[in-house]
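Hi there,

I'm passing along a structure that I've been going through, and I thought you might like to have it on your screen while you read. My notes are below it.

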Amino acid sequence: MQVVKEQIMRALTTKPSSLDQFKSKLQNLSYTEILKIRQSERMNQEDFQSRPILELKEKIQPEILELIKQQRLNRLVEGTCFRKLNSRRRQDKFWYCRLSPNHKVLHYGDLEESPQGEVPHDSLQDKCNIWEISP
């Protein structure tokens, strides 16, 4: 709701002379555009550019990046179920994918129904070695 309010306020500050101009301004101020504006305004504030803040950010960034990497790998190891579309765009089957605990093999396969909890590696029919996947 705050984003919508900000879109309207920013569009009104340009003092549009017609409703069409107002609508045009609103279209140019999409949700992602408002987020970009907010972020740039935040970064331009003097507090975030101070030396202690920059030093702290530089010091903790590697640790945070490592934490993000571990969380993503853990999520891949847990596995995820996806709906599988057939040729008529119906979603009648499921597809499950998970990474092996040693992070070397991607196991995947079709399922008739959505699983409750984790699906064991040995019940997934197909697998692919990670080193075979090209970026």
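What follows is about the first helix and what it packs against.

Please keep in mind that this is a predicted model. Helix H1 runs over residues 2-13. Its twelve residues reach 16 Å from the first C-alpha to the last, close to the 16 Å expected at 1.5 Å a residue. After H1 comes Lys 15, which has a positive phi, near 50 degrees.

Which residues of H1 are buried? They are Val 3, Glu 6, Gln 7 and Ala 11. These lie on the same side of H1, because the arc they cover around the axis is only 130 degrees. As general background, an α-helix has 3.6 residues a turn, so residues three or four places apart point the same way. On the other side of H1, Gln 2, Lys 5 and Thr 13 are exposed.

The cover over the buried residues of H1 includes helix H2 (19-28) and H3. As for H3 (residues 31-44), its axis comes within 10 Å of that of H1, and the two cross at roughly 85 degrees. That crossing angle falls between 65 and 115 degrees, so H1 is roughly perpendicular to H3.

Where the two helices meet, H1 contributes Gln 2, Val 3, Glu 6, Gln 7 and Arg 10, while H3 brings Tyr 31, Ile 34, Ile 37, Arg 38 and Glu 41. Sorted by class, this contact has four nonpolar, two polar and four charged residues. Val 3, Glu 6 and Gln 7 appear in the contact with H3 and are also among the buried residues of H1.

Best wishes

How values were computed
Residues numbered from 1 in each chain as written. Predicted model: local features only at pLDDT ≥ 70, side-chain atom pairs only at ≥ 80, totals over all residues. Heavy atoms only, no water. Axes fitted to C-alpha atoms, helices over the stretch in contact; angles between N-to-C directions. Helix = DSSP H or I, 4+ residues; strand = E, 2+ residues; numbered from the N terminus. Parallel < 35°, antiparallel > 145°, perpendicular 65-115°, else oblique. Contact = heavy atoms within 4.5 Å. Nonpolar A, V, L, I, M, F, W, Y, C, P; charged D, E, K, R; others polar. Expected span 1.5 Å × (residues − 1). Buried < 20%, exposed > 50% of the residue type's maximum accessible area, 1.4 Å probe, protein only. Arc of directions from axis to C-beta.
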